[in-house]
Amino acid sequence: MNANKDYIQDINFKIANLKQQVQQKINQPYLCKFIKAPFIDEDKLLLLLSIFERLHLPERKMDKYIVTTMLVQIALDTHESVENQALPPEQLKSRQLTILAGTYYSGLYYQILAEIDDINMIRTLAEGIMDVNEHKISVYSNSRDTVESLMESLKKTESSLFDRITGHFKRNDLGELAANIVFVKRLMTEKDKFVKGMYSVLFDSMHKLLINDNLFKADDNHQEYLLSISDKYIDLSIQEAEKWIKQLSETAVLAEKLESIKLKQTVKSFVEEG
């Protein structure tokens with residue numbers, strides 16, 4: 001798919017501008033001395049921009065909504081990056097400041113929305129945070145009893161902010177599109193960790209579930225089977241996202257993004273099989 005060149009340039013300019021606004025908000029000199037700069041997901045910026053442009057909001061309000069949502073996302077990601085294992089004393093300060101940073105980033109969104117006196121959006125994002133944390137606990141505590149329910153909780157950890165925002169504006173169709181795209185990205189991230197021998201909460205939880213169901217023995221290594229499960233959910237979510245893109249006549253840029261995700265999945269499968 002080839003989107004109009006001028007349109008793509010316009011979108012890229014908007015994304016760069018929004019990213020800069022987020023960076024300005026999270027730039028805290030003291031924290032920067034001790035912890036890594038938080039990752040700003042440009043794909044989620046693109047999704048948020050696509051959603052809010054379809055709501056035909058004033059540009060100033062749209063930018064504030066996007067920036068505040070990204071601040072919440074960064075806060076959630078920052079807290080999730082904190083590891084629980086024992087650390088030597090020289091690393092404790094970094095972990096403590098990472099926790100503090102997550103709280104700091106989260107607090108910024110209240111400040112921005114308070115400036116435009118938007119109590120309803122504050123409540124909407126707060127509900128999204130609560131949903132994310134609820135499902136994150138389910139994923140990390142291995143409290144789900146089937147792979148399907150585990151996958152649903154993992155999907156909700158990625159999509160609940162989008163679900164709440166689109167529900168707030170009564171555009172659940174846009175929420176379905178966003179949910180499937182961010183879920184595919186998370187699945188591919190977990191898969192990549194697993195293939196590289198790194199810890200993946202998804203694959204660890206799947207393995208424990210299958211042991212509990214007596215499908216695996218504790219010392220079995222069923223890498224191919226676990227990968228086939230993740231690939232099935234990746235493929236299904238890509239198909240769902242494609243369906244919503246067609247129904248919504250969504251922008252060519254989002255369609256191209258999905259094609260890029262599909263290409264990455266194809267290449268990864270080829271490499272693994274090789």
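A residue is called buried when its relative accessible area is under 20%, exposed when that area is over 50%, and partly exposed in between. I begin there because those words, buried, exposed and partly exposed, come back throughout this talk. Please also keep in mind that what we are looking at is a predicted model.

Let me start with the overall layout. The chain has eleven helices and zero strands, and if you read along the sequence the pattern is simply α-α-α-α-α-α-α-α-α-α-α. Of the 274 residues in the chain, buried residues make up 46%. When we take the contacts between residues at least 6 apart in sequence, 72% of them join residues at least 24 apart.

Now for the nonpolar interior. In soluble globular proteins, nonpolar side chains tend to be buried together. In this model, the largest nonpolar core has 77 residues, and those with the most contacts inside it are Met151 and Met206. If you find Met206 on the structure and leave out residues up to four places away in sequence, you will see that Met206 touches Val147, Leu150, Met151, Leu226 and Ile229.

Next, the aromatic rings. How many aromatic pairs does a search of the whole structure find? The search finds four. One of these is the pair of Tyr65 and Phe169, which is tilted, with 6.1 Å from centre to centre and 55° between the planes. Tyr65 sits in helix 4 and Phe169 in the loop between helix 7 and helix 8, which runs from 172 to 195, so that the pair links distant parts of the chain, 104 residues apart. Are these two residues buried or exposed, or something in between? Tyr65 counts as buried because its relative accessibility is 4%, below the 20% cut-off, whereas Phe169 is partly exposed because its relative accessible area is 23%. Together with Phe52, Tyr65 and Phe169 form one aromatic cluster.

Another pair is that of Phe194 and Phe203, and here the rings have their centres 4.2 Å apart and their planes at 5°, so the pair is stacked. To follow that step you need the cut-off, which is that planes under 30 degrees apart count as stacked. Both Phe194 and Phe203 are buried, in the sense I gave at the start.

Let me turn to empty space inside the model. Rolling a probe the size of a water molecule over the atoms shows where empty space is left. The structure holds three cavities of 30 Å³ or more, and the largest of them has a volume of about 40 Å³. Which residues line the largest cavity? They are Gln73, Leu76, Asp77, Glu80, Val132, Lys136, Thr157, Glu158 and Arg186. The elements that give two or more residues to this lining are helix 4 (59-80), helix 6 (119-140) and helix 7 (147-168), and the largest share, four residues, comes from helix 4. By class, the lining has two nonpolar, two polar and five charged residues.

From that lining I would pick out Thr157, whose place is in helix 7. Thr157 counts as buried because its relative accessibility is 7%. Leaving aside neighbours within four places in sequence, Thr157 is in contact with Val132, His135, Lys136, Val139 and Arg186.

Helix 7 also holds Thr166, which is buried because its relative accessible area is 2%. Setting aside the neighbours within four places in sequence, Thr166 is in contact with Ile51, Arg171, Asn172, Leu174 and Gly175. Thr166 and Thr124 are 42 residues apart in sequence, and their C-alpha atoms are 9.8 Å apart in space.

Finally, a look at the backbone. Most residues other than glycine have a negative phi, and most peptide bonds are trans. His56 has a phi near 55°, a positive value in a residue other than glycine, and Lys170 likewise has a positive phi, near 60°. Where do these two residues lie? His56 lies in the loop between helix 3 (42-54) and helix 4, while Lys170 is found in the loop between helix 7 and helix 8. His56 counts as exposed because its relative accessibility is 71%, and Lys170 counts as exposed because its relative accessibility is 69%.

Notes
Residues are numbered from 1 along each chain as its sequence is written. This is a predicted model: local features need pLDDT of at least 70, side-chain atom pairs count only at pLDDT 80 or more; totals for chains, interfaces and linings use all residues. Side-chain values use heavy atoms; hydrogens and water are left out. On a 1 Å grid over the protein atoms alone, a cavity is a set of points where a 1.4 Å probe fits but cannot get out, and a pocket is an open set with protein on both sides within 12 Å along at least five of seven lines; lining residues have an atom within 4 Å of a point. Grid points are joined across faces, edges and corners, and a volume is the space filled by probe spheres set on the points. Ala, Val, Leu, Ile, Met, Phe, Trp, Tyr, Cys and Pro count as nonpolar, Asp, Glu, Lys and Arg as charged, and the others, Gly among them, as polar. Rings of Phe, Tyr and Trp (its six-membered ring) pair if their centres lie within 6.5 Å; planes under 30 degrees apart count as stacked, over 60 as edge-to-face and the rest as tilted. Buried means under 20% relative accessible area, exposed over 50%, partly exposed in between (1.4 Å probe, protein chains only). Contact means heavy atoms within 4.5 Å. A nonpolar core is a set of buried Ala, Val, Leu, Ile, Met, Phe, Trp, Tyr and Cys residues joined through side-chain atoms within 4.5 Å.
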